[in-house]
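Subject: Structure handover

Hello,

Here is the structure I said I would pass on. Please open it alongside this message.

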Amino acid sequence: MSPDGALGEIILPFGETAGQAALLLEAALASSTHPTEVEKLLRQHLLTDPDYLPAYFAMYKLLFRQSRLAEAEEIARTALVSGARLGGFPSNWQHLAPGTADWSAIHSPAHFYLFTLKALSFILLRRKQLDECREVLEKIGELDPHDLIGASVIRAYADGLTAH
């Protein structure tokens, strides 16, 4: 938000300038907009435009912040399918390799997929599904060896949880 309270241009972590979906998310997290209304609008947005990847991002982030982890996981997995379809590669992360797509192209469905895979790893971690979380993180490390999306933060958190 800008100093005068207006919503400025939002750049999503996967490189796209956000549209209505991210603005709704910011409104839900930063003001008195009721999250139920925002969720309803995001779900409607996804029904009318299932290829609009930022709406998935906003939705799984909103659900995660509400500790609705099973629902956030479901949306993240649906987002992976959409990102893969738009990127022209397999949706099953276990079948991906560094050469499957240009994972570093920030304004691409592949980068969105990678970023959503990171979100899924954190959701799995919070749901205490540590084995799958670690498998996802291992795959991210293979696809993103330079840690462009910052999955090392989730990996360190997972390591800290299992060290105790």
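What follows is an account of the fold, the core, the helix packing and a few single residues.

Please keep in mind that this is a predicted model.

Overall fold

The protein has seven helices and zero strands. Its pattern along the sequence is accordingly α-α-α-α-α-α-α. Of the 164 residues in the protein, 44% are buried. Taking contacts between residues at least 6 apart in sequence, 57% join residues at least 24 apart.

The core

The largest nonpolar core contains 46 residues. Within this core, the residues that touch the most other members are Y60, F89, W103, Y113, L117 and I140. At least two core residues come from each of α2 (35-48), α3 (53-65), α4 (69-87), α5 (109-126), α6 (130-143) and α7 (151-162). The helix that gives the most is α5, with eleven residues.

F89 is worth a look on screen. Leaving aside residues up to four places away in sequence, F89 touches G83, A84, L96, T100, A101, W103, P109, A110 and Y113. W103 and Y113 also appear with F89 in the list of core residues that touch the most other members.

Helix packing

Three helix pairs are described here, in sequence order.

The first topic is α2 with α3. Their axes come within 10 Å and cross at roughly 150°, and the two helices are therefore roughly antiparallel to each other. The crossing of α2 past α3 is left-handed. On the α2 side the contact is made by P35, V38, E39, L42, R43, H45 and L46, and on the α3 side by A55, Y56, A58, M59, L62 and L63. Sorted by class, this contact has ten nonpolar residues, one polar residue and two charged residues.

Next comes α3 with α4. Here the axes come within 8 Å, with a crossing angle of roughly 165°. That angle makes α3 roughly antiparallel to α4. α3 passes α4 in a left-handed crossing. From α3, the residues L53, Y56, M59, Y60, L63 and F64 take part. They meet L69, E71, A72, I75, A76, T78, A79, S82, G83 and L86 of α4. The class count for this contact is twelve nonpolar, three polar and one charged.

α3 thus takes part in both contacts, and Y56, M59 and L63 are listed on its side facing α2 as well as in its contact with α4. Y60, which meets α4, is also among the core residues that touch the most other members.

The remaining pair is α6 with α7. These helices pack at an angle of about 145°, and their axes are 10 Å apart. The crossing is left-handed. α6 contributes L130, R134, L137, I140 and G141, which meet A151, I154, R155, A158, D159 and T162 of α7. By class there are six nonpolar, two polar and three charged residues in this contact. I140 from this contact is another of the core residues that touch the most other members.

Single residues

L130 is in helix α6. Is L130 buried or exposed? With a relative accessible area of 28%, L130 is partly exposed. Not counting residues up to four places away in sequence, L130 touches L125 and T162. L130 and A158 are 28 residues apart in sequence, while their C-alpha atoms are 7.6 Å apart in space. Both T162 and A158 belong to the α7 side of the contact with α6.

Two residues that are not glycine have positive phi values, and both may be checked in the loops.

- S67 has a phi near 60°. S67 is placed in the loop between α3 and α4, and its relative accessibility of 49% makes it partly exposed.
- D147 has a phi of about 55°. D147 lies in the loop between α6 and α7, and this residue is partly exposed, with a relative accessible area of 27%.

Each of these loops joins a helix pair described above: S67 sits between α3 and α4, and D147 sits between α6 and α7.

Regards

Note on methods: Residues numbered from 1 in each chain as written. Predicted model: local features only at pLDDT ≥ 70, side-chain atom pairs only at ≥ 80, totals over all residues. Heavy atoms only, no water. Core = buried A, V, L, I, M, F, W, Y, C linked by side-chain atoms within 4.5 Å. Buried < 20%, exposed > 50% of the residue type's maximum accessible area, 1.4 Å probe, protein only. Helix = DSSP H or I, 4+ residues; strand = E, 2+ residues; numbered from the N terminus. Contact = heavy atoms within 4.5 Å. Axes fitted to C-alpha atoms, helices over the stretch in contact; angles between N-to-C directions. Parallel < 35°, antiparallel > 145°, perpendicular 65-115°, else oblique. Left-handed = near helix turned anticlockwise from the far one by under 90°. Nonpolar A, V, L, I, M, F, W, Y, C, P; charged D, E, K, R; others polar.
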